[in-house]
Amino acid sequence: MLKILPYRKEHLLKIQVREPNLSFARGVDNLFEFAEIYETRGPAFSIFDGEEIIGACGIVIAWAGVGEAWVYGSDSINRHKKEFHRIV
């Protein structure tokens, strides 16, 4: 069973990332900066399978009434496809 916890910037850096997130991570100068934006600019959650962080998701609020959804995940999501997608 998956566990949902409030997202923390450290979580993003612990995910064993997969494509397309891997290409994104390689193209960003400072991934920690993005991790912090995800934590501070809207609701966000981390998804755990036991102690392993398999993904994180949230919405970055641009301005009132406008937000951009994001999802960052590992290959471990494949073990929980239906449950993960229901959470997201």
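Two strands count as paired when DSSP finds at least two bridges between them. With that in mind, let's look at this predicted model, beginning with its sheet and then turning to a histidine in a loop.

**The sheet**

Strand S3 (residues 52–63) and S4 run antiparallel and are joined by 8 bridges. Within this part of the model, Trp63 stands opposite Val66 in S4. The pair belongs to an open sheet of 4 strands, with antiparallel pairing and the order S1-S2-S3-S4. Strand S1 (3–6) and S4 stand at the edges; each has a single partner strand, so one side of each is left without a neighbour in the sheet. On average, neighbouring strands of this sheet are turned by 20° against each other, direction ignored.

**His80 and its surroundings**

Follow the chain on from strand S4 (66–73) and you come to the loop that leads to helix H4 (81–87), where His80 is found. Is His80 buried or exposed? His80 counts as buried because its relative accessibility is 15%, and the cut-off for buried is under 20%.

Leaving aside residues up to four places away in sequence, His80 touches Leu2, Asp49 and Ile54. With Asp49 there is also a polar contact of 2.9 Å between the side chains. Ile47 offers another reference point: His80 and Ile47 are 33 residues apart in sequence, and their C-alpha atoms are 11 Å apart in space.

Here are the two distances that involve His80:

| Pair | Kind of distance | Value |
|---|---|---|
| His80 and Asp49 | side-chain polar contact | 2.9 Å |
| His80 and Ile47 | C-alpha to C-alpha | 11 Å |

Conventions:
Residues numbered from 1 in each chain as written. Predicted model: local features only at pLDDT ≥ 70, side-chain atom pairs only at ≥ 80, totals over all residues. Heavy atoms only, no water. Helix = DSSP H or I, 4+ residues; strand = E, 2+ residues; numbered from the N terminus. Buried < 20%, exposed > 50% of the residue type's maximum accessible area, 1.4 Å probe, protein only. Contact = heavy atoms within 4.5 Å. Polar contact = N/O pair within 3.5 Å; in protein donor to acceptor, adjacent residues only side chain to side chain. Axes fitted to C-alpha atoms, helices over the stretch in contact; angles between N-to-C directions.
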